[in-house]
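This report walks through the internal spaces, one enclosed helix and the salt bridges of the structure shown below. Please keep the sequence and the model side by side while reading.

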Amino acid sequence: MATAVHRSPPDAIRAAIIEATIRLIGREGVDGITHRAVAHEAGVSLSSTTYHFASRDEIVSEALRHVAALEIERIARDAETLAEGHADVPSIARALAAWLAEQVHGDELLRVRAGYHLQLEAGRRPELRAIHVAWGQAVHGLAERVLGAAGSPRPHTDASILSSAIDGLRLDEVTAPRPGFERRARPVIERLLSILTAP
């Protein structure tokens, strides 16, 4: 029987502040972050945010690092499922399209939006560059595994193409959402996989 893990109040408050900051970045961008806005979103006192994070930049950096860590964890968890157990390119394309569709709704959408802000912020915040690179490497690794399973003769090289396409499809939906994302994404992914797995 699993033992429940109980956070101490300071840890719980800090976690609530980080999650609230992620939601705010996802809705309003980095410019919408203030100690007061985060405190209101998290349901904690203003003094709690200033106690845990001395500056606005510190809150933003910590939240964006957390987003990247969650995404790296998601990729590690899902890579095997996406790469294994699919008989052909169409089934792999269906799995990839469904995986992307899960990321563009509800709270997941806010995290994805916050992740794109990380890409922008990493250009001017040196403390974010390492986690940004690690995230990119994780996506590349997932694409390489998927392409290997699909039969690509050059999975390492082709992974850059597939990961860029995945990112582009997701970004398009995040910035201009329309109904039927999974239905629209699947044939695009299938066409690309068919090209990349050709002898």
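## Cavity, pocket, helix α5 and salt bridges

The largest cavity is lined by Glu71, Arg74, Ile75, Trp99, Trp135, Val139, Leu142, Ile166 and Arg170. Two or more of the lining residues come from each of the helices α4 (56–83), α7 (126–150) and α8 (155–175). The model is a predicted one, and the cavity count at 30 Å³ or more comes to 1, with about 60 Å³ of space in the largest cavity. Sorted by class, its lining holds 6 nonpolar and 3 charged residues, with no polar ones.

The largest pocket has a volume of about 250 Å³. Its lining is made up of 13 residues, and those that lie nearest the centre are Gln119, Gly136, Val139, Asp167 and Arg170. Here the elements that contribute two or more residues are α6 (106–121), α7 and α8. By class, the pocket lining comprises 4 nonpolar, 6 polar and 3 charged residues. Val139 and Arg170 thus appear in the lining of the largest cavity and also among the residues nearest the centre of the largest pocket.

Trp99, one of the residues that line the cavity, is also one of the buried residues of α5. How many of the 13 residues of α5 are buried? The number is 10, so this helix is largely enclosed by the rest of the structure. The buried residues are Val89, Ser91, Ile92, Ala93, Ala95, Leu96, Ala97, Trp99, Leu100 and Ala101, and what covers them includes α4, α7, α8 and α9 (181–196). The length of α5 (residues 89–101) can be checked as well: at 1.5 Å a residue, its 13 residues should span 18 Å, and because the end C-alpha atoms are 18 Å apart, the two values agree.

Turning to charged side chains, the model contains 16 salt bridges. Three of them are set out here, each with its closest N to O distance.

| Basic residue | Acidic residue | N to O distance |
|---|---|---|
| Arginine 27 | Glutamate 41 | 2.6 Å |
| Arginine 65 | Glutamate 62 | 3.3 Å |
| Arginine 145 | Glutamate 84 | 3.9 Å |

In the salt bridge between arginine 27 and glutamate 41, the pair links distant parts of the chain, with arginine 27 in helix α1 (residues 9–28) and glutamate 41 in helix α2 (residues 35–42), 14 residues apart. Arginine 27 is partly exposed, with a relative accessible area of 42%, and glutamate 41 also counts as partly exposed, at 23%.

Arginine 65 and glutamate 62, by contrast, both belong to helix α4, where 3 residues, about one turn of the helix, separate them. An α-helix has 3.6 residues a turn, so residues three or four places apart point the same way. Arginine 65 has a relative accessible area of 29% and is therefore partly exposed, while glutamate 62, at 22%, is partly exposed too.

The salt bridge of arginine 145 with glutamate 84 again links distant parts of the chain, since arginine 145 lies in helix α7 and glutamate 84 in the loop between α4 and α5, 61 residues apart. Arginine 145 is partly exposed at 39% relative accessible area, and glutamate 84 counts as partly exposed at 45%. Elsewhere, salt bridges that share partners join Arg56, Asp57, Glu121, Arg124, Arg125 and Glu127 into one network.

Conventions
Residues are numbered from 1 along each chain as its sequence is written. This is a predicted model: local features need pLDDT of at least 70, side-chain atom pairs count only at pLDDT 80 or more; totals for chains, interfaces and linings use all residues. Side-chain values use heavy atoms; hydrogens and water are left out. On a 1 Å grid over the protein atoms alone, a cavity is a set of points where a 1.4 Å probe fits but cannot get out, and a pocket is an open set with protein on both sides within 12 Å along at least five of seven lines; lining residues have an atom within 4 Å of a point. Grid points are joined across faces, edges and corners, and a volume is the space filled by probe spheres set on the points. Helices (H or I, at least four residues) and strands (E, at least two) are DSSP runs, numbered from the N terminus. Ala, Val, Leu, Ile, Met, Phe, Trp, Tyr, Cys and Pro count as nonpolar, Asp, Glu, Lys and Arg as charged, and the others, Gly among them, as polar. The expected span of a helix is 1.5 Å times one less than its number of residues. Buried means under 20% relative accessible area, exposed over 50%, partly exposed in between (1.4 Å probe, protein chains only). Contact means heavy atoms within 4.5 Å. A salt bridge is a side-chain nitrogen of Lys or Arg within 4 Å of a carboxyl oxygen of Asp or Glu.
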